[in-house]
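Colleague: I would like to learn how to read a few features in a model of this kind, taking them one by one.

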Amino acid sequence: MVTIHVPQYNDNLINIVAYILKNYPNKKDLSKARVTKMVYLVDWRAAFDLGSKATDIQWYFDNYGPFVYTINDMVEEMSIFEKIRTNNFYGNDKTIYKLVDQDYIINLSDELIKIIDTVIEKTKNMSWTNFINFIYSTYPIVTSNRYTHLNLVEKAQQYKIELEKEAIN
């Protein structure tokens, strides 16, 4: 008997990554790091706007900001995605993600599509440095210690309270 490994990834995660890869205008910028951090931004915005994350990712704040291996593993295992190895501006290795199956049917709520479109619109013209600075300016990163898991729903609730206090003053 042959055992077949079927990846177990949250449908929203698959569809969010597919949507980003299909709709982001600057395909050469869709590096492993940028896509991962864009999914973080989608999760953060969903936590703030909707009260829950869009994915089931447990975000970890390491040396390079919010990070997980989940997205890279998913891209590697699923045939609708492709990893392309290239070099960055400085000649260092860089991995670009690509949606191979352009006919893949993306199934996301209108709310999530609006959030992803907002993330794409906000970040599409940012250089890598500006993009990373933007990531590091998000409330969960500013208010958390490195090497900890980020509870984005809790951070969204805290941030709303902070915004309400500022509005009163």
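What follows is a conversation about helix packing, a sheet and two residues.

Modeller: Before we begin, please keep in mind that this is a predicted model.

Colleague: How is the packing of two helices described, and at what angle do α1 and α4 pack?

Modeller: In general, two packed helices are described by the angle between their axes together with the distance between those axes. Here helix α1, residues 11–23, packs against helix α4, residues 110–123, at an angle of about 45 degrees, and their axes are 11 Å apart. That angle makes α1 oblique to α4, and the crossing of α1 and α4 is right-handed.

Colleague: Which residues make the contact between α1 and α4, and how is that contact divided by class?

Modeller: On the α1 side the contact is made by Asn12, Ile16, Tyr19, Ile20 and Asn23, while α4 contributes Leu112, Ile113, Ile116, Asp117 and Ile120. Sorted by class, the contact of α1 with α4 has seven nonpolar, two polar and one charged residues.

Colleague: Turning to the sheet, in what order do the strands lie, and which are the edge strands?

Modeller: The open sheet is formed by three strands in the order β2-β1-β5, with antiparallel pairing. An edge strand is one that pairs on one side only, and here that description fits β2 (65–67) and β5 (148–149). Strand β1, residues 60–62, pairs with β2 in the antiparallel sense over three bridges, and Phe61 has Pro66 in β2 as its bridge partner.

Colleague: Now for single residues: is Phe81 buried or exposed, and which residues does Phe81 touch?

Modeller: A residue counts as buried when its relative accessible area is under 20%. Phe81, whose place is in strand β3, has a relative accessible area of 5% and is therefore buried. Leaving aside residues up to four places away in sequence, Phe81 touches Ile14, Val17, Ala18, Leu21, Met74, Val75, Lys98, Leu99 and Val100. The C-alpha atoms of Phe81 and Gln102, which lie 21 residues apart along the chain, are separated by 9.8 Å.

Colleague: Where is Ser79 found, and is Ser79 buried or exposed?

Modeller: Ser79 is found in the loop between α3 (70–77) and β3 (81–87). Exposed means a relative accessible area over 50%, and Ser79, with a value of 68%, is therefore exposed. The C-alpha atoms of Ser79 and Val100 are separated by 7.6 Å, although the two residues are 21 residues apart along the chain.

Technical notes
Residues are numbered from 1 along each chain as its sequence is written. This is a predicted model: local features need pLDDT of at least 70, side-chain atom pairs count only at pLDDT 80 or more; totals for chains, interfaces and linings use all residues. Side-chain values use heavy atoms; hydrogens and water are left out. Axes are lines fitted to C-alpha atoms, for helices over the stretch in contact, and angles run from 0 to 180 degrees between N-to-C directions. Helices (H or I, at least four residues) and strands (E, at least two) are DSSP runs, numbered from the N terminus. Angles under 35 degrees count as roughly parallel, over 145 as roughly antiparallel, 65 to 115 as roughly perpendicular and the rest as oblique. A crossing is left-handed if the near helix is turned anticlockwise from the far one by less than a right angle, and right-handed if clockwise. Contact means heavy atoms within 4.5 Å. Ala, Val, Leu, Ile, Met, Phe, Trp, Tyr, Cys and Pro count as nonpolar, Asp, Glu, Lys and Arg as charged, and the others, Gly among them, as polar. Buried means under 20% relative accessible area, exposed over 50%, partly exposed in between (1.4 Å probe, protein chains only). Two strands pair if DSSP finds at least two bridges between them.
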